[in-house]
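Please look over the chain below before reading on. My points follow in numbered order.

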Amino acid sequence: MTLCPRCAHDAVGRLATSPVPGVWDVLQCRRCRYTWRTTEPARRTRRDAYPDVFKLTADDLAAALEVPAVPRCAPRPDEARQRPGRRDPLRGAADSGVRGVRPARVTSPNRP
Ligand SMILES: [Zn+2]
C-alpha cells in the first residue's frame, strides 16, 4: 500500500502514467493533494524519508487555512489574437486578490 509522504493517508490515486508503460506514475494524495512522480527521490516519495518539518497530520489539515487561489494562466500570443474580446489575464490575477504577480506561463515540450 502506498502512503502519502506528507500526511500518511492511504488513499492515493494515480493521475498519469508514463508514455512508456511501467517507467513512472504521477500519484496524488486524496486528502492533502500532495502530488509526486514515482521516480522522484525518496525524500519526496516515501513517508519515512520525507522531511519531518513538512509532514502533516489529519489535525494539521483540519486546522489549515484556506488554500490561496491560483491565477489563470496567460493565453499564448496566438490565442489572444484569435479571441479579441478575451479578458486580460493580468487583470484576472488582480481580481483574484493576487497583486504584483504575473500568472505563470505554462510551457510544454510539445508547445513552443
Ligand atoms: Zn497527503
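1. Contacts and burial. Take the contacts in the chain between residues at least 6 apart in sequence: 38% of them join residues at least 24 apart. The chain has 112 residues, and 17% of these count as buried. Bear in mind that this is a predicted model.

2. Overall order. Four helices and three strands make up the regular structure of the chain. Along the sequence the pattern reads β-β-β-α-α-α-α.

3. The sheet. The three strands form an open sheet, ordered 1-2-3, with antiparallel pairing. Strand 1 and strand 3 are the edge strands, and each of them pairs on one side only. From one strand to the next the twist averages 25 degrees.

4. Strand 1 against strand 2. Five bridges hold this antiparallel pair. Two positions can be checked by eye. G13 stands opposite Q28 in strand 2. R14 stands opposite L27, again in strand 2.

5. Strand 2 against strand 3. This pair is also antiparallel, and three bridges join the two strands. Here L27 faces W36 in strand 3. L27 therefore deserves a look from both sides: it stands opposite R14 and opposite W36. The hairpin of strand 2 and strand 3 has five residues between the strands. Within that hairpin, R33 takes a positive phi near 70 degrees.

6. The zinc site. Which residues coordinate the zinc ion? The donors are the SG atoms of C4, C7, C29 and C32, at 2.3 Å. Along the chain these donors follow the spacing C-x2-C-x21-C-x2-C. The angles among the four donor atoms run from 103 to 118 degrees, and the site is tetrahedral. For four tetrahedral donors the ideal angle is 109.5 degrees.

7. What the zinc site joins. C7 lies in the segment before strand 1 (12–17), while C32 lies in the loop between strand 2 (25–29) and strand 3 (35–37). The two are 25 residues apart in sequence, so the pair ties together separate parts of the chain. Are these two donors buried or exposed? C7 is buried, at a relative accessible area of 4%. C32 is buried as well, with 10% relative accessibility. Both values fall under the 20% cut-off for burial.

8. S18. This serine sits in the loop between strand 1 and strand 2. Despite the loop setting, S18 counts as buried, because its relative accessibility is 5% and the cut-off is under 20%. What does its side chain reach? The side chain of S18 comes to 2.4 Å from the backbone oxygen of V20. Residues up to four places away in sequence aside, S18 touches V23 and W24.

9. T45. Helix 1 spans residues 42–45 and includes T45. At 15% relative accessibility, T45 counts as buried. Which residues does T45 contact, leaving aside neighbours within four places in sequence? They are P5, W36, R37, T38 and E40. One of these, W36, is the strand 3 residue that stands opposite L27.

10. Where to look again. I would start at the zinc ion with its four SG donors. Then follow L27 across the sheet, to R14 and to W36. From W36, move on to its contact T45, which lies in helix 1. Finish at S18 and its 2.4 Å approach to the backbone oxygen of V20.

Definitions and conventions
Residues are numbered from 1 along each chain as its sequence is written. This is a predicted model: local features need pLDDT of at least 70, side-chain atom pairs count only at pLDDT 80 or more; totals for chains, interfaces and linings use all residues. Side-chain values use heavy atoms; hydrogens and water are left out. Donors are N, O and S atoms within 2.8 Å of the metal (3.2 Å for Na, K and Ca); water is not among the atoms, so sites may look incomplete. Four donors count as tetrahedral if all angles lie between 85 and 135 degrees; four count as square planar and six as octahedral if opposite donors are over 155 degrees apart and all others between 65 and 115; anything else is irregular. Buried means under 20% relative accessible area, exposed over 50%, partly exposed in between (1.4 Å probe, protein chains only). Two strands pair if DSSP finds at least two bridges between them. Axes are lines fitted to C-alpha atoms, for helices over the stretch in contact, and angles run from 0 to 180 degrees between N-to-C directions. A polar contact is a pair of N or O atoms within 3.5 Å; within protein, one must be able to donate a hydrogen and the other to accept it, and residues adjacent in sequence count only if both atoms are side-chain atoms. Contact means heavy atoms within 4.5 Å.
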